[in-house]
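Reader: I would like to go through the ligand sites and the chain contact of a model, one feature at a time. Where should we start?

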Amino acid sequence: MIRDVNEKAFTTLKNIPFAPAYKHTLVSVNSGFRTEKPVCNRDKCNGCFLCYLYCPDGVISKDGESISINYDYCKGCGICQKICRKDAIHMEKER
Amino acid sequence: MSVNVNTLREDEYFFGHKACAGCGGALAVRIALKVIGPNAIATIPAGCMSAVGFNFPQLCFKNNAIISTFAGTASMMTGIEAGLKALGKKDYKVVGFAGDGGTADIGIQALSGAIDRNDDVLYICYDNEAYMNTGIQKSSLTPFGARTTTTPAGRNIKGNQKVKKNMFEIVAAHGIRYCATASIGYLQDFMNKVEKAASIKGTSYIHVLAPCPTGWGIKTDECVEVAKEVVDCGLWYLAEYEHGTYRLNRRPREFTDVAHYIRRQDRFKHLSDTEIKEITLQRDAKWQLLDKQYFSK
Ligand SMILES: Cc1ncc(C[n+]2csc(CCOP(=O)(O)OP(=O)(O)O)c2C)c(N)n1
Ligand code: SF4
Ligand code: SF4
Ligand code: SF4
Ligand SMILES: [Mg+2]
């Protein structure tokens, strides 16, 4: 459970929530880091999920038998493309 | 051991962080938190991982997480653990993520104290082999020959003249309940170790090698490859220490070429064949010692 620090004043030890005292917030995206973006060819993908495992940013998620990529937070590092044994991911230049 | 790519929690606990593209340290933190889960209470000292994770209001940890002083990772973990105990909390794991500088240099005293008291905490050192957050200064875990801003490559002295400190052996020598080495190039091995360490009541320590594209001068997509190659060429090893016994998790049948590993990184660009030969000899001597002292073949 995530509670806001302003929700309640903490006066005793027992009052302090066993939860983050702030909200998990993301106010800006990371897509600006990128000069290339990974694109997955679902026909070649065998759903091994190695790319999901090795992405440092955790932006690849399992999507049925294949994957989907959150382009708001992908930084275009290319690790997913290198780790894929099926050659299912290629990098495309961003314009 | 049951954790693998299919059983791993799908939730992300370290997301939206501002680490450079292809950061090995960020991958180590992300995976460890996915293994431990929402009840991890993370303690992160000054260093890249706190710098990229807590840019208020951009807060990137989904679980409880706090920044500690640079030297005080382990002491803060001890305090958090004592506090949780006092409150009667049971289902939690206090985990620390400190860099090589924060661990082997300034934080070693606090870590040693926590191990001595056998506090119930898991300490993870993500080793990117220099003080990256302040602009690539040498730490005692910077390898021989590496160029940093405090060990420049000049005409006479070519980069760092010291060899990497044996942090895993130093921690094991405390008689710690469990400690291990790992690499982000071998994530299954790392996940197994995090799972095991998190289940232990008492202090555990994992030293995970986590390359830094920015400080090492490698391409962002090479980070995982390089982390695998450093194990394959024998300059790093995957091992565990448990109940007083050392175990090697992976013995390369034949080491790959050290020169290939060195040549692909800008931080070693200035090294000649002679120095690379010296690094190869250091590797062989190190393995001889490891085999003699710890891992009987
Ligand atoms: C007592 C103290 N000294 C120095 C600093 C400055 N400082 C902040 S991060 C850092 C480097 C951290 O290096 P490391 O622990 O290897 O982590 P990395 O940045 O490489 O992830 C330094 C020197 C500090 N915050 N506190
Ligand atoms: S390019 Fe990098 S950040 Fe983007 S999905 Fe692939 S591994 Fe993740
Ligand atoms: S690594 Fe390749 S084959 Fe495996 S899930 Fe990712 S895209 Fe598909
Ligand atoms: S400098 Fe290195 S360790 Fe720090 S965020 Fe960038 S890649 Fe990661
Ligand atoms: Mg470091």
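Reader: How many residues surround ligand 1, and which are the closest?

Author: Bear in mind that this is a predicted model. A ligand site is read by listing its neighbours, then looking at individual atom pairs. Here 16 residues surround ligand 1. The closest are B:Gly101, B:Gly102, B:Tyr126, B:Met132 and B:Asn133.

Reader: Which oxygen distances involve ligand 1 and the side chains of B:Tyr126 and B:Asn128?

Author: A polar contact is a pair of N or O atoms within 3.5 Å. An N or O atom in the B:Tyr126 side chain lies 2.7 Å from an oxygen atom of ligand 1. For the side chain of B:Asn128, the distance from an N or O atom to a ligand 1 oxygen is 3.0 Å. The backbone also takes part: an N or O atom of the B:Gly101 backbone is 2.9 Å from an oxygen of ligand 1.

Reader: What are the protein donors of the magnesium ion (ligand 5)?

Author: A metal site is read from its donor atoms and their spacing in sequence. The magnesium ion (ligand 5) has as protein donors B:Asp100 through OD, B:Asn128 through OD1 and B:Ala130 through O, at 2.0 to 2.1 Å. The spacing of these donor residues is D-x27-N-x1-A. B:Asp100 belongs to helix α4 (residues 100–105) of chain B, and B:Ala130 to the loop between β6 (121–127) and α6 (167–172) of that chain, so the pair ties together parts that are 30 residues apart in sequence.

Reader: Which residues are around ligand 4, and how do they divide by class?

Author: Around ligand 4 are B:Ala19, B:Cys20, B:Cys23, B:Cys48, B:Asn128, B:Cys212, B:Pro213 and B:Thr214. The shell has six nonpolar and two polar residues, with no charged ones. Cys counts as nonpolar in this classification.

Reader: How many residues does each of chain A and chain B give to the contact?

Author: An interface is read from its residues, its buried area and its polar pairs. Chain A gives 35 residues and chain B gives 47 residues. The area buried between the two chains is about 3,300 Å², with 57% of it from carbon and sulfur atoms.

Reader: How many salt bridges cross the interface of chain A and chain B?

Author: Two salt bridges are found there. One of them joins the side chains of A:Lys82 and B:Glu225, at 3.8 Å from N to O. There are also 20 residue pairs in polar contact between the chains, counted with both residues at pLDDT 80 or more. On the chain A side, the elements giving two or more residues are α1 (50–54) and α2 (79–83). The residues of that side comprise 22 nonpolar, seven polar and six charged.

Terms used:
Residues numbered from 1 in each chain as written. Chains lettered and ligands numbered in written order. Predicted model: local features only at pLDDT ≥ 70, side-chain atom pairs only at ≥ 80, totals over all residues. Heavy atoms only, no water. Near = heavy atom within 4 Å. Contact = heavy atoms within 4.5 Å. Buried area = accessible area lost by both parts, 1.4 Å probe. Salt bridge = Lys/Arg side-chain N within 4 Å of Asp/Glu carboxyl O. Polar contact = N/O pair within 3.5 Å; in protein donor to acceptor, adjacent residues only side chain to side chain. Helix = DSSP H or I, 4+ residues; strand = E, 2+ residues; numbered from the N terminus. Donors = N, O, S within 2.8 Å, 3.2 Å for Na, K, Ca; no water.
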